[in-house]
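Here are my notes on the empty space inside this protein. Have the structure open while you go through them.

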Amino acid sequence: MIKIKKLLLIVSILLGLVKNSNSLEVYPMFGAWDYKHDTDAYAINLKFVDNENPVKTKFLGELQRTYDASFFIDINDGFKNLEHSNNDWRSELSIYAATGLAKPLPITSSKKLNFIPSFSLGLYQEFEEGKDMGYPIEFKTEFGLKYSLFKNSTIGVSWNHISNADIGSKNPGSDNILFLFRVKEKF
């Protein structure tokens, strides 16, 4: 029951942050979560990017606000014994909701190819046999490449590391690689 309340709190915070902007671009991403360790789960991430309400800084210029909703799912031997009950398989589930800042840096003069470093702060919760990251507050450093294929389509790849920066009881961290394909939409 407590974990359900934490999940609802995480989702409520994320939705509260996202609803404050009416012009978000959505980047659906998928890939491998924690691929360097024994978790290696599937990652599904929705990244919301606010291009119209930048954060202006003196040294870095304009930064984009970002919001992430990440779901990590690993079903080990889940379909191996179909004649048995669903209770026989082990599932690793977790969620990460975050907000942060990104700085797109054009690599080409046409601005079709961009390098995008970002930093986020978020809340992490594991369920069932999900990975214990040591603390609910987690930081994410991300480096991405994004290419605009056509007027309304984008592909890309990103690598990120999620960690609690040693503020928790343990800090196993996770390294993740994600791929994206997006058709531009404005809310």
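1. How do the residues of the lining of the largest cavity divide into nonpolar, polar and charged? Nonpolar residues number 8, polar ones 5 and charged ones 3. Keep in mind that you're looking at a predicted model.

2. Now for the overall picture. Searching the whole structure turns up 2 cavities of 30 Å³ or more. The largest cavity holds about 200 Å³ of space, and 16 residues line it. If you want to find its centre, look for Met29, Lys47, Ile116, Lys146 and Leu180, the lining residues closest to that point.

3. Next, the strands around the largest cavity. Those giving two or more residues to its lining are β1 (24-33), β2 (41-57), β3 (61-76), β6 (113-128), β7 (137-150) and β8 (153-163). The largest share comes from β7, with 4 residues.

4. On to the second largest cavity, which has about 60 Å³ of space. Try picking out its lining on screen: Trp33, Ala43, Asn45, Ser70, Phe72, Tyr96, Lys140, Asn160, Ile162, Asn176 and Leu178. Two or more of the lining residues come from each of β2, β3, β8 and β9 (174-183).

5. What about the character of that second lining? It divides into 6 nonpolar residues, 4 polar and 1 charged. Take a moment to match these groups to the residue names in point 4.

Methods: Residues are numbered from 1 along each chain as its sequence is written. This is a predicted model: local features need pLDDT of at least 70, side-chain atom pairs count only at pLDDT 80 or more; totals for chains, interfaces and linings use all residues. Side-chain values use heavy atoms; hydrogens and water are left out. On a 1 Å grid over the protein atoms alone, a cavity is a set of points where a 1.4 Å probe fits but cannot get out, and a pocket is an open set with protein on both sides within 12 Å along at least five of seven lines; lining residues have an atom within 4 Å of a point. Grid points are joined across faces, edges and corners, and a volume is the space filled by probe spheres set on the points. Ala, Val, Leu, Ile, Met, Phe, Trp, Tyr, Cys and Pro count as nonpolar, Asp, Glu, Lys and Arg as charged, and the others, Gly among them, as polar.
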